[in-house]
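Trainee: I'm new to this structure, and I'd like a close look at one part of it. Could you walk me through the nonpolar core and then show me how the rest sits around it?

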Amino acid sequence: YDVMIFPPSDPRNAAARGRIERQHPEEKWPEAVDAFLTRDATSAMPWEERTAVQGGFLVARPDVAVFDAYINFIKEGNYIGGRGDGTGWAGLGYG
């Protein structure tokens, strides 16, 4: 969790970033990391671009505004059943 705890200028942050295996290592790191999660690749078809979030591991930085947005998103209940594009939460293809 050193990437979340220490500022980007801290050597411990840089060292932690170097130890993390990422799905898309070619993408630039965000300045601040507010969450980590694992993906459930075994539930995705080999050709699917998106994989499910594995509910067993999710770490998030506490933020009341983000929590309130999350609660509102869930309360909205905009879930479209099925698999793939146009399904899931808000039709985003996952969930």
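Mentor: Here is the core, followed by the other parts of the chain.

A quick word on the ground rules: this is a predicted model, where local features need pLDDT of at least 70 and side-chain atom pairs count only at pLDDT 80 or more, while totals for chains, interfaces and linings use all residues. Residues are numbered from 1 along each chain as its sequence is written, and side-chain values use heavy atoms, with hydrogens and water left out.

Let's get our bearings. The protein has three helices and four strands, and from the N terminus on they run α-α-β-β-α-β-β. Those elements are DSSP runs, numbered from the N terminus: H or I for helices, at least four residues, and E for strands, at least two. Of the 95 residues, 16% are buried. Buried here means under 20% relative accessible area, exposed means over 50%, and partly exposed is in between (1.4 Å probe, protein chains only).

Now the core. The largest nonpolar core has six residues: Val3, Met4, Ala16, Val33, Phe36 and Val59. To be in such a core, residues must be buried Ala, Val, Leu, Ile, Met, Phe, Trp, Tyr or Cys, joined through side-chain atoms within 4.5 Å.

Take Val33. You'll find Val33 in the loop between α2 (11-19) and β1 (35-40), and it counts as buried because its relative accessibility is 5%. Setting aside residues up to four places away in sequence, Val33 touches Val3, Met4, Arg17 and Arg61; a contact means heavy atoms within 4.5 Å. Look at Val33 and Met4 in particular: they are 29 residues apart in sequence, yet 5.4 Å apart in space, C-alpha to C-alpha.

Phe36 is another core member. With the sequence neighbours up to four places away left out again, Phe36 touches Val3, Met4, Ile20, Phe57, Leu58 and Val59. For the whole protein, among contacts between residues at least 6 apart in sequence, 28% join residues at least 24 apart.

Next, the surface. The accessible surface comes to about 7,400 Å², and 58% of that belongs to carbon and sulfur atoms. These areas come from the Shrake-Rupley method with a 1.4 Å probe; for residues, only the protein chains shown count as cover. Phe67, Tyr70, Phe73 and Ile74 form a nonpolar surface patch with about 390 Å² of accessible area together, and Phe67 itself is in helix α3 (residues 64-76).

Further along, there is one aromatic pair. Tyr79 and Trp89 have ring centres 5.1 Å apart and planes at 65 degrees, so the pair is edge-to-face. It links distant parts of the chain, with Tyr79 in strand β3 and Trp89 in strand β4, ten residues apart. The rule covers rings of Phe, Tyr and Trp (its six-membered ring) with centres within 6.5 Å: planes under 30 degrees apart are stacked, over 60 edge-to-face, and the rest tilted. Tyr79 is partly exposed at 38% relative accessible area, and Trp89 is also partly exposed, at 24%.

Finish with two residues in that region. Thr87 is in the loop between β3 (79-80) and β4 (88-89) and is buried, at 10% relative accessibility. Beyond the residues up to four places away in sequence, Thr87 touches Ile80, Gly81, Gly82, Leu92, Gly93 and Tyr94. Ala90 is in the segment after β4, and its phi is near 55 degrees, a positive value in a residue other than glycine.

Methods
Patch = residues over 30% accessible without salt bridge, like charges linked within 9 Å, V, L, I, M, F, W, Y side chains within 5 Å. Salt bridge = Lys/Arg side-chain N within 4 Å of Asp/Glu carboxyl O.
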